[in-house]
Amino acid sequence: MEGGGRVSWMKYGSAVSLFVVLLAFWFRSPQNAGLDDRLDTVLSSLLRAESKVFVDNVARPRVAVGFGGCVDLIVDGVSLLKKINLPSTDQPLHHDYIENAEQLAQSFAYFFAPGAAAERFMFNDTLFSELVEEARDLPGNRWSVGGNAPVMAGRMAIEGCDVLLGGSFSPDFTDVLSQHITVAGNIVEEPDIHLILEYPSGASWGRYTSRRANRYIIHSDDHNPYLASMEAFAEKLKDFQPDLLVVGGLQMMDNFPFQSGERGALFSRLADLLSSTKPQIGIHFEMASFVEESIMEDLLHYVIPHADSLGMNEQELPNLLSLLKGSNITVLSDPNPRVATVLDQMREVYRILNQRHKDSLADSDTSGGQAQVKPLTRLHVHTLAFQAMIVTRGSQWKNTMSATAKASLTANRHVCGSNDIDPSKARLIMDDSFSVSRREGSQRIPLQETRPVSCWDEDDYEICVAPVLVCTEVYQTAGGGDNISAAGLVLQI
């Protein structure tokens with residue numbers, strides 16, 4: 001939960017983290033001295049890079065974020081499955097949605113072993129209610145503000161922004177939001193609950209062992225798919241005059257049983273909202289776990305053409321690229337990809353989407369119309385091991401090096417559940433050097449501890465890559481991408 005009480009910690013976070021680095025220096029064991037030195041140096045260098053840019057707390061940036069929200073019930077996933085006596089399956093299978101316990105076991109196993117994040121809609125209301133009731137009684141469970149939009153809004157408020165949040169929430173929900181967040185939407189009596197099945201690296205379930213910490217999310221949400229706050233959000237947006245508009249939470253529409261034409265009408269209204277914003281206002285779309293091909297096509301038609309910034313993880317990037325290249329959706333990709341692989345995929349997404357933008361402009365010139373679309377000028381991919389950004393030179397996005405560093409540090413802060421980064425609870429899993437591309441003869445860039453954020457120019461854009469100090473004592477992975485993306489954006493508006 002992103003509460004106002006953490007704001008004061010963030011104000012002094014960099015200084016406290018530097019103090020932790022000094023303490024670690026005195027109390028480390030001799031055999032770990034070399035490794036500790038490296039982690040200490042990388043951390044202090046990332047903190048310096050982050051601190052090069054300050055957010056003005058007087059003229060605070062204004063960010064509008066939509067849509068929806070929920071309450072997350074966070075539990076240990078394996079413990080919950082054992083509590084309901086759900087045995088491990090011999091058939092890990094992908095399911096677009098979940099209808100029964102057997103499909104839940106198969107789907108969970110499919111993503112659990114590689115340690116890949118996933119989110120699925122559960123058609124079976126009875127089963128979902130039973131799972132929630134069992135989770136309520138599970139020792140160590142936690143409740144938190146959930147949903148892409150509220151989580152990103154919370155992070156941006158912590159980092160110094162004034163935020164307009166589009167969503168329909170209960171009074172109890174809005175009471176725990178930061179004072180710097182204004183809600184636009186309806187009041188609901190009971191918020192939807194999303195069940196977050198977390199698991200650490202090395203967790204075991206039957207014959208499966210997770211390769212990395214991650215989460216499997218299930219919900220039976222019948223409010224958020226309708227984007228009910230969109231009208232109120234659009235009305236308040238006029239007077240709010242944001243510097244940035246962020247759109248997320250659209251995965252709630254994935255595999256939801258809409259009536260014929262309902263989803264298309266909602267996307268059309270959203271496209272009208274995006275196209276009506278002033279051209280100088282940046283629009284960021286945060287991707288998520290989409291498995292239905294038709295909704296991905298809707299995103300490519302109604303949403304992505306209006307966004308000049310995209311954020312996504314290592315699963316969502318190849319999924320989007322595959323669709324752009326005319327192939328099927330890739331449900332599961334390498335959860336620990338190499339830097340060169342990710343950069344090549346990012347270049348292709350950047351090239352294809354901007355070529356589509358040029359073609360759209362040409363078509364509008366030929367037809368005499370006016371295309372309300374934007375070129376892609378910012379692409380941020382967050383992975384477990386590193387952060388990578390592509391930013392068009394001369395675009396509105398600034399401070400790319402510092403933003404990449406901040407995204408990296410935020411990954412550790414969120415997953416470890418502390419604003420103070422402890423090097424003894426972190427490790428580097430990014431290679432000592434990386435190739436900038438998988439093409440033969442490509443340049444290799446060494447990881448320099450004193451300058452860990454590597455930036456260079458290509459074509460019409462700049463690329464920055466930063467290592468992540470991967471948290472080894474995981475508090476929470478859910479919401480990681482939203483926190484990371486939001487933190488990076490704050491320094492670029």
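Numbering the bonded cysteines of the chain in sequence order gives the pairing 1-4, 2-3, where a disulfide is a pair of cysteine sulfur atoms within 2.5 Å. Before we follow that pattern, a word on the model: it is predicted, so local features need pLDDT of at least 70 and side-chain atom pairs count only at pLDDT 80 or more, while totals for chains, interfaces and linings use all residues. Residues are numbered from 1 along each chain as its sequence is written, and side-chain values use heavy atoms, with hydrogens and water left out.

Back to the cysteines. By the distance rule there are two disulfides. A disulfide is a covalent bond between the sulfur atoms of two cysteines. One of them joins C416 to C471, with an S to S distance of 2.0 Å, and its angle of 110° about the S-S bond makes this link right-handed. The two ends come from distant parts of the chain, 55 residues apart: C416 sits in helix α14 (residues 400-416) and C471 in strand β21 (residues 469-471). Helices (H or I, at least four residues) and strands (E, at least two) are DSSP runs, numbered from the N terminus. C471 has a relative accessible area of 9% and is therefore buried; buried means under 20% relative accessible area, exposed over 50% and partly exposed in between, using a 1.4 Å probe and protein chains only.

The other disulfide is formed by C455 and C464, whose sulfur atoms are 2.0 Å apart. This link is right-handed too, with 115° about the S-S bond. Its two ends differ in accessibility: C455 is partly exposed at 30%, whereas C464 is buried at 0%. Two further cysteines can be placed on the accessibility scale: C70 is buried, with a relative accessible area of 1%, and C161 counts as buried at 0%.

C70 also takes us to the sheet, since strand β2 covers residues 70-76. Five strands form this open sheet in the order β3-β10-β7-β2-β4, with mixed pairing; two strands pair if DSSP finds at least two bridges between them. The edges are β3 (118-121) and β4 (142-146), each of which pairs on one side only. On average, neighbouring strands are turned by 25° against each other, direction ignored. Strands β2 and β4 run antiparallel and share five bridges, and D72 has S144 in β4 as its bridge partner.

Which helices lie on this sheet? Helix α5 (residues 101-112) lies across β3, β7 (193-199) and β10 (214-219), running at about 155° to β10. Helix α6 (residues 125-136) packs on the sheet as well, touching β2, β4, β7 and β10, and its direction makes about 60° with that of β7. Here axes are lines fitted to C-alpha atoms, for helices over the stretch in contact, and angles run from 0 to 180 degrees between N-to-C directions.

Just ahead of β2, in the loop that follows β1 (62-66), is G68. At 7% relative accessibility G68 counts as buried. Leaving aside neighbours within four places in sequence, G68 is in contact (heavy atoms within 4.5 Å) with A149, P150, G166, G167, F169, N224 and S229.

Next come two helices that pack together. The axes of α9 (residues 230-240) and α10 (residues 262-275) are 11 Å apart and meet at an angle of about 5°. That makes α9 roughly parallel to α10, because angles under 35 degrees count as roughly parallel, over 145 as roughly antiparallel, 65 to 115 as roughly perpendicular and the rest as oblique. Across this packing, M230, E231, F233, A234 and L237 of α9 meet L266, R269, L270 and L273 of α10.

L270 reappears in the largest nonpolar core, which has 65 residues; L250, L270, F285, L310, L320 and V465 touch the most other members. A nonpolar core is a set of buried Ala, Val, Leu, Ile, Met, Phe, Trp, Tyr and Cys residues joined through side-chain atoms within 4.5 Å. Helix α13 (residues 339-367) gives the most to this core, with eight residues. Setting aside neighbours within four places in sequence, the contacts of F285 include V247, L250, F290, L299 and L310. A second, separate core holds 31 residues, among them V78, I98, A116 and L127.

Finally, look at helix α15 (residues 480-490), where 11 of 11 residues are buried.
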